[in-house]
Amino acid sequence: MMSRSSLALAMLAVAAVTGCTSLGVKPWQRDVLARQEMQLDSDPLDAAIDDHMYFSKEASSGGRSFAGGGCGCN
Amino acid sequence: MIRRSMRHLGLFVCLLWGFLVQADAGLDLNAFQGRVVYLDFWASWCGPCRQSFPWMEILKDTYGAQGLEIVAVNVDRDRADADKFLHQFHPTFDLRFDPQGDLAERYKVQGMPSSMLIDRHGVTRFIHVGFRPADVRLYEAQVRELLAEK
């Protein structure tokens, strides 16, 4: 049977996992998500130009996020 | 013996800490028993709210005497943002502030803005997600329907 300390550790690990139960942003928190600092790419124009270059050189595109989102109302 | 029970108590408190320290913005709908409540969740960053506020003012003027109560709950994290918005619109209806989002969580707000129509017995009858001026006629019809009920 498991030792007491490893059982306690296992229980703690299971309890810690519950921190992931509420993923994602709530609808009323969308203002924080829409902030400039929270965007996935720092410069959408740069990202678009990079994407064009990769498409031209590698004949493939995508694999990156797209800018957008807005405030999420309506 | 006491040490062991203290340890158990400590564990108990740790496990239930979340429940023990619940700080709810608290909206006691019992205070509005007998009145129809239009519960609206708004924010300063919400564009459609700029359209809904003047309309809610009209709603209050038109149906307030018949038993309609408007409660507008703000979900801004920063009170200053909300005050800026209020400075522009000067609403006369009931305002609540829910910066932690407890009330929004309790009413399971799906999008911004959201409004719930609660009848005279405290039962939520209509839920509106989003606000579009074209829907105003429908909302008013719903309000009239609930006001007509005893």
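**A helical chain beside a sheet-bearing partner**

Just after helix H3 of chain A, A:Ala59 adopts a positive phi of about 60°. The structure described here is a predicted model, and this residue makes a handy starting point for a tour of chain A. The helix that comes just before A:Ala59 spans residues 44–58. Its 15 residues reach 20 Å from the first C-alpha to the last, close to the 21 Å expected at 1.5 Å a residue. H3(A) is also hardly covered, since the count of buried residues along the helix is zero.

The rest of chain A can be summarised briefly. Its secondary structure comes to three helices and zero strands, and along the sequence the pattern reads α-α-α. Of the 74 residues in chain A, 5% count as buried.

Chain A meets chain B through a contact that takes ten residues from chain A and 17 residues from chain B. On the side of chain A that touches chain B, the residues divide into four nonpolar, three polar and three charged.

Turning to chain B, the reader will find an open sheet of five strands in the order S3-S2-S1-S4-S5, with mixed pairing. Its edges are formed by S3 (94–97) and S5 (124–129), each of which pairs on one side only. From one strand to the next, the twist averages 20°.

Two of the pairings in this sheet can be followed in detail. Strand S1 (residues 36–42) and strand S4 (residues 114–118) of chain B run antiparallel and are joined by five bridges; here B:Phe41 has B:Ser114 of S4(B) as its bridge partner. S4(B) is in turn joined to S5(B) by five bridges, and these strands also run antiparallel. In this second pairing, B:Met116 stands opposite B:Ile127 of S5(B). S4(B) and S5(B) form a hairpin with five residues between them, and in the turn B:Gly122 has a positive phi of about 85°.

Helices lie across the sheet as well. Helix H3 of chain B (residues 49–63) lies across S1 and S2 (68–74), running at about 155° to S2(B). Helix H6 of chain B (residues 136–148) lies across S1, S2, S4 and S5, and its direction makes an angle of about 145° with S1(B).

The largest nonpolar core has 28 residues. Those with the most contacts inside this core are A:Trp28, B:Tyr38, B:Phe41, B:Ala43, B:Val73 and B:Val143. Within chain B, the elements S1, H3, S2, H5, S4 and H6 each supply at least two residues of the core, and S1(B) gives the most, with six residues.

B:Phe41 is a good residue to look at in the viewer. Leaving aside residues up to four places away in sequence, B:Phe41 touches A:Trp28 of the partner chain, along with B:Val73, B:Val75, B:Ala104, B:Val109, B:Met112, B:Pro113 and B:Ser114. The last of these, B:Ser114, is also the bridge partner of B:Phe41 in S4(B).

A final stop is B:Asp102, found in helix H5 of chain B (residues 102–106). B:Asp102 counts as partly exposed because 16 other C-beta atoms lie within 10 Å. Between B:Asp102 and B:Tyr139 there is a separation of 37 residues in sequence and 26 Å in space, C-alpha to C-alpha.

How values were computed. Residues are numbered from 1 along each chain as its sequence is written. Chains are lettered from A and ligands numbered from 1 in the order in which they are written. This is a predicted model: local features need pLDDT of at least 70, side-chain atom pairs count only at pLDDT 80 or more; totals for chains, interfaces and linings use all residues. Helices (H or I, at least four residues) and strands (E, at least two) are DSSP runs, numbered from the N terminus. The expected span of a helix is 1.5 Å times one less than its number of residues. A residue is buried if 20 or more other C-beta atoms lie within 10 Å of its own, exposed if 12 or fewer, and partly exposed in between; C-beta atoms are placed from the backbone. Two strands pair if DSSP finds at least two bridges between them. Axes are lines fitted to C-alpha atoms, for helices over the stretch in contact, and angles run from 0 to 180 degrees between N-to-C directions. Two residues are in contact if their C-beta atoms, placed from the backbone, lie within 7 Å. Ala, Val, Leu, Ile, Met, Phe, Trp, Tyr, Cys and Pro count as nonpolar, Asp, Glu, Lys and Arg as charged, and the others, Gly among them, as polar. A nonpolar core is a set of buried Ala, Val, Leu, Ile, Met, Phe, Trp, Tyr and Cys residues joined through C-beta atoms within 7 Å.
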